[in-house]
Amino acid sequence: QVQLVESGGGSVQAGGSLRLSCSAAGFTFDHRATGWYRQAPGKQREWVAVITTEGRAIYTDSVKGRFTISRDNAKNAVSLQMDSLRPEDTAVYYCNAPIGSLKTSTAFVYSWGQGTQVTVSS
């Protein structure tokens, strides 16, 4: 079974930056749209950003202008650059490939990985 691996999380102060990476062996990310999702304590998992096979990036309103999703095809990875972090960004961040809608899909190609913890302090 394919296991997605998220990395790059950590603990930062408000206004800081982190760069997350998503990778997996056995498939090529540029063949599918790939998204980042997050789940805060006591909350449902929510969509954050997605990048299409053509390189088009789409973001949820709360992160526009602060986060950037990108592909590194040579490394077969998808990254999420997070700048100007806020305490409300605190969550476990996951990646996956949505089935159907880029933004509202509830079905995904792969099993969820363990995610990477992002903690932003005031």
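## Thr52 and an aromatic cluster

Leaving aside residues up to four places away in sequence, Thr52 touches Ala33, Arg71 and Leu102. This is a predicted model, and it offers two spots worth a look together. Thr52 belongs to the loop between strand E5 (46-51) and strand E6 (57-59). Is Thr52 buried or exposed? Its relative accessible area is 8%, so Thr52 is buried.

Now to the aromatic residues. A search of the whole structure turns up four aromatic pairs. In one of them, the ring centres of Tyr94 and Trp112 are 5.9 Å apart and the planes stand at 80 degrees, so this pair is edge-to-face. Tyr94 is part of strand E9 (residues 91-96), while Trp112 sits in the loop between E9 and strand E10 (116-121), so the pair ties together parts that are 18 residues apart in sequence.

How do the two partners fare in accessibility? Tyr94 is buried, at 11% relative accessibility, whereas Trp112 is partly exposed, with a relative accessible area of 27%. Both belong to one aromatic cluster, formed by Tyr37, Tyr94, Phe108 and Trp112.

Arg45 joins the picture here, with its charged end placed over the ring of Tyr94 and Arg45 also lying over the face of Trp112. The distances to the ring centres are set out below.

| Charged residue | Ring | Distance to ring centre |
|---|---|---|
| Arg45 | Tyr94 | 4.9 Å |
| Arg45 | Trp112 | 4.0 Å |

So if you follow Arg45 in the viewer, you meet the ring of Tyr94 and that of Trp112, the two partners of the edge-to-face pair.

Terms used
Residues are numbered from 1 along each chain as its sequence is written. This is a predicted model: local features need pLDDT of at least 70, side-chain atom pairs count only at pLDDT 80 or more; totals for chains, interfaces and linings use all residues. Side-chain values use heavy atoms; hydrogens and water are left out. Helices (H or I, at least four residues) and strands (E, at least two) are DSSP runs, numbered from the N terminus. Buried means under 20% relative accessible area, exposed over 50%, partly exposed in between (1.4 Å probe, protein chains only). Contact means heavy atoms within 4.5 Å. Rings of Phe, Tyr and Trp (its six-membered ring) pair if their centres lie within 6.5 Å; planes under 30 degrees apart count as stacked, over 60 as edge-to-face and the rest as tilted. A charge sits over a ring if NZ of Lys or CZ of Arg is within 6 Å of the ring centre and within 35 degrees of the ring normal.
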